[in-house]
Amino acid sequence: PIAAETAVAETLPDALQNRLQPIGIDIRDLSLSFGATQVLKGIDLKIEPGEFFAFLGPSGSGKSTLLRAIAGFGPTPKGTIALDGQDVVGLAPWKRNVGMVFQNYALWPHMSVARNVAYGLDERRVPKRESVARVNAALELVGMRQYADRYPSQLSGGQQQRVALARTIVVEPRVLLLDEPLSNLDANLRVQMRQDLLKLQRRLGITTIFVTHDQEEANTICDRIAVMADGVVQQIGKPDDVYDNPANSFVANFLGTAN
Ligand code: ADP
Ligand code: MG
């Protein structure tokens, strides 16, 4: 089990409360191709400010491509992605103020935990005193403050994941994007980390999109889910509503509610 000292903080530390604002995401008629292959096919999706939202679907359905398009990575899509009312299609990733956590964490192996987390603040030339306060706050939030001087190789997979979350949160993104963040963890830890992710999201209050192929994961922690298949959103709703009333046979089969 996770030791008590690595629990998510009960309240959001002061140093992180400056710019965190829940914003809405409005995606309209979004299509994206890799060369001749169309991967996203007219996605319409409205996510409310502060929602914990899931893209749920089988491998290859386009979840990561859609998430990356929101962050500004990959080919430029057709259609619009409005963040807080502003269309960001074509805008460079760093101008979007969107935070993304990758499946493999991508921590710098030669940097301590604290320096990994400070990296994005250094890039933004945040003054040292403020940077230290924010790094400490982010590490405290994810329950990793006592590991500030360790190196990634000295941490477990779950701890590395926490550091990756801290590193993304510390720059106070408008939106938090999580691409299968638990899939590299062993089964027990994955279940524990679900609850911590939910706590973290509620403390931060920022709009969060969680990508997963695991329906149980999506259903236990997300406010609403979009079920995707083959580059199309099949259904959007609260987990229970989608379960009780699958829109089509694909959704019913995928959720295992077909009879
Ligand atoms: P998911 O995250 O749901 O598993 P992806 O968004 O990764 O799905 O992929 C959707 C489709 O797009 C797949 O058919 C995949 O092969 C294709 N795809 C993803 N990235 C690329 C790429 N860089 N070049 C070509 N095709 C890609
Ligand atoms: Mg993916």
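R125 lies in the loop between α2 and α3. The labels α and β refer to DSSP runs numbered from the N terminus, a helix being H or I over at least four residues and a strand being E over at least two. R125 has a positive phi of about 55°, although it is not a glycine. With 7 other C-beta atoms within 10 Å, R125 is exposed. In this talk a residue is buried if 20 or more other C-beta atoms lie within 10 Å of its own, exposed if 12 or fewer, and partly exposed in between, with C-beta atoms placed from the backbone.

Before I continue, a word on the source. This is a predicted model, in which local features need pLDDT of at least 70 and side-chain atom pairs count only at pLDDT 80 or more, while totals for chains, interfaces and linings use all residues. Residues are numbered from 1 along each chain as its sequence is written, and chains are lettered from A and ligands numbered from 1 in the order in which they are written.

Let us turn to the two helices on either side of R125. The axes of α2 and α3 come within 9 Å and cross at roughly 125°. Here axes are lines fitted to C-alpha atoms, for helices over the stretch in contact, and angles run from 0 to 180 degrees between N-to-C directions. The crossing angle makes α2 oblique to α3. As to the terms, angles under 35 degrees count as roughly parallel, over 145 as roughly antiparallel, 65 to 115 as roughly perpendicular and the rest as oblique. The crossing of α2 and α3 is right-handed; that is, the near helix is turned clockwise from the far one by less than a right angle, whereas anticlockwise would be left-handed.

Which residues make this contact? From α2 they are A114, V117, A118 and L121, and from α3 they are S131, R134, V135, A138 and L139. Two residues are in contact if their C-beta atoms, placed from the backbone, lie within 7 Å. The contact of α2 with α3 divides into seven nonpolar residues, one polar and one charged. In this count Ala, Val, Leu, Ile, Met, Phe, Trp, Tyr, Cys and Pro are nonpolar, Asp, Glu, Lys and Arg are charged, and the others, Gly among them, are polar.

Helix α2, residues 113–123, also meets α4: their axes come within 7 Å and cross at roughly 30°. That angle makes α2 roughly parallel to α4, and the crossing is again right-handed. On the α2 side we find V113, N116, V117, Y119 and G120, and on the α4 side V163, A166 and R167. Five of these residues are nonpolar, two are polar and one is charged.

Helix α4, residues 157–169, has a further partner in α5, residues 187–204; the two axes come within 12 Å and cross at roughly 15°. Helices α4 and α5 are therefore roughly parallel, and they cross in a right-handed sense. G158, Q161, L165 and I169 of α4 are in contact with L189, M193, L200 and L204 of α5. This contact of α4 with α5 has six nonpolar residues, two polar and no charged.

I now come to the interior. The largest nonpolar core has 70 residues, and those with the most contacts inside it are F55, V117, A138, L141, V142, A166 and L177. Such a core is a set of buried Ala, Val, Leu, Ile, Met, Phe, Trp, Tyr and Cys residues joined through C-beta atoms within 7 Å. Leaving aside residues up to four places away in sequence, L177 touches L67, I70, A71, V98, G99, M100 and I209.

Two of those partners, L67 and I70, are among the buried residues of α1, with K63, S64, T65, L66 and A69. Because seven of the nine residues of α1 (residues 63–71) are buried, this helix is largely enclosed by the rest of the structure. Just after α1, G72 takes a positive phi of about 100°.

I close with three loop residues. Is E180, in the loop between β7 (175–179) and α5, buried or exposed? E180 counts as buried, with 20 C-beta neighbours inside 10 Å. E180 has a positive phi of about 45°, although it is not a glycine. Y147, in the loop between α3 (128–141) and α4, is likewise buried, with 20 C-beta neighbours inside 10 Å. By contrast, G35, in the loop between β1 (25–34) and β2 (37–47), is exposed, with 6 other C-beta atoms within 10 Å.
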